[in-house]
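The following exercises concern a single protein chain. Each sets a task and then works through a solution in steps.

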Amino acid sequence: MMDAAAVLAVEGLTCRFGGLIAVNNVDLNVRHGEIRALIGPNGAGKSTTLNLITGIYRPDKGSVRMGGQSLVGLQPSKIAKAGIARTFQTIRLWKQMTLLENVMVGHQCRTTAGLLDILLGTRKARDDEERTRTEAMEALELVGLGDRALRTASSLSYGQQRRLEIARALATIPKVLLLDEPAAGMNPQEVNDLVRQIQAIRDSGVTIVLIEHNMPLVMRIADRITVLSFGKKIAEGEPREIRENPEVIAAYLGRPDDDAAA
């Protein structure tokens, strides 16, 4: 059921690939200022759900609404303008560009100058350029990379590159930020830094939905957790409730009778 207070409201979301139902009648209501974790075993439909929300895939059934606006059928660029940004499991950066340049690209969806303005160097184009640079620097500062703004992306460690992707998403000025396995490949210190940065992003007014397999991180940072298994939602609640939920334990560890049958 759709929550009237939700900033992002997903209802009955369903997606099929041939005979496979990848996402099966999923509801997801995320409130403003929340950190919501979306967890589940590999193949549970988590990334597919983000792809449906952001317009990469179109659902076979169901609705995705943000602030009352339907997002189903919109191009990903339009959904970004509506206020949803995301990162991906695999890092997608321009390695030979500076950090600042990488993040400035993310702000382009908020610029208003046209090609003629840019070619003529009009005041509108100059104002856009300055605003884009300012927003990019603020995003880099928020993820702890402001002091490296003029270095190339290739000079960063793996964990820093993941933070750069988050900064680029933030440069779109989102209301909701979707993070797909942001801690993947990070060492414990980088994970601790990431936790602080995600909390700082939430404190800045951005609602966050993250997919993550690092359960200590999830239990530490999430306000609420939604659990998927084989494309269906099997549980939802606060970390303590999820930790003790027998269906969640079975989905991750298998039931004793499953082992006996095997």
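**Exercise 1. The surroundings of an arginine**

Leaving aside its neighbours within four places in sequence, which residues is arginine 168 in contact with? Establish also where arginine 168 lies and whether to class it as buried or exposed.

*Solution.* The model is a predicted one, and this applies to every step below. Begin with the location: arginine 168 belongs to helix H6. Its contacts outside the local sequence are Arg92, Leu93, Trp94, Asn102, Val103 and Gly106. Next, take the accessibility: buried means under 20% relative accessible area. Arginine 168 has 15% relative accessibility and therefore counts as buried. Finally, consider a distance: 31 residues along the chain separate arginine 168 from glutamine 199, and their C-alpha atoms are 17 Å apart.

**Exercise 2. The largest pocket**

Describe the largest pocket by its volume, its lining and the elements that supply that lining.

*Solution.* First, the volume: the largest pocket holds about 520 Å³ of space. Second, the lining: 21 residues contribute, and those nearest the centre are Ala80, Ala85, Arg86, Phe88 and Thr172. Third, the composition: eleven lining residues are nonpolar, six are polar and four are charged. Fourth, the elements: at least two lining residues come from each of helix H2 (76-82), strand S6 (84-86), helix H3 (99-106) and helix H6 (158-170). Among the contributors, H2 gives the most, with four residues.

**Exercise 3. The nonpolar cores**

Which residues touch the most other members of the largest nonpolar core, and what does leucine 177 touch?

*Solution.* The largest nonpolar core has 44 residues, and within it Leu140, Leu164 and Leu177 touch the most other members. Turn now to leucine 177: beyond residues up to four places away in sequence, leucine 177 touches Ala85, Arg86, Ile166, Ala169, Leu170, Ile201, Val206, Thr207, Ile208 and Val209. A second core, separate from this one, comprises 25 residues, including Leu28, Leu50, Ile79 and Ile84.

**Exercise 4. Helix H1**

How many residues of helix H1 are buried, and what is the sign of phi at the glycine that follows H1?

*Solution.* Helix H1 spans residues 46-53, and eight of its eight residues are buried. They are Lys46, Ser47, Thr48, Thr49, Leu50, Asn51, Leu52 and Ile53. After H1 comes glycine 55, with a positive phi near 85°.

**Exercise 5. Positive phi outside glycine**

Locate asparagine 25 and isoleucine 173, and state the phi and accessibility of each.

*Solution.* Start from the general expectation: most residues other than glycine have a negative phi. Asparagine 25, in strand S2 (residues 20-31), has a positive phi near 60°. Its relative accessible area is 44%, so asparagine 25 is partly exposed. Isoleucine 173 lies in the loop between H6 and strand S7 (176-180). Its phi is also positive, about 60°. With 39% relative accessibility, isoleucine 173 counts as partly exposed.

**Exercise 6. Confidence**

What is the mean pLDDT of the chain, and over which residues is the pLDDT below 50?

*Solution.* The mean pLDDT of the chain is 89, with 92% of its residues at 70 or more. Over residues 258-262, the pLDDT is below 50, and this stretch has zero contacts in the model beyond near neighbours in sequence.

Methods. Residues numbered from 1 in each chain as written. Predicted model: local features only at pLDDT ≥ 70, side-chain atom pairs only at ≥ 80, totals over all residues. Heavy atoms only, no water. Buried < 20%, exposed > 50% of the residue type's maximum accessible area, 1.4 Å probe, protein only. Core = buried A, V, L, I, M, F, W, Y, C linked by side-chain atoms within 4.5 Å. Contact = heavy atoms within 4.5 Å. pLDDT = per-residue confidence, 0-100. 1 Å grid on protein atoms, 1.4 Å probe; cavity = no way out; pocket = protein on both sides within 12 Å on 5 of 7 lines; lining within 4 Å. Points joined across faces, edges and corners; volume = space filled by probe spheres on them. Nonpolar A, V, L, I, M, F, W, Y, C, P; charged D, E, K, R; others polar.
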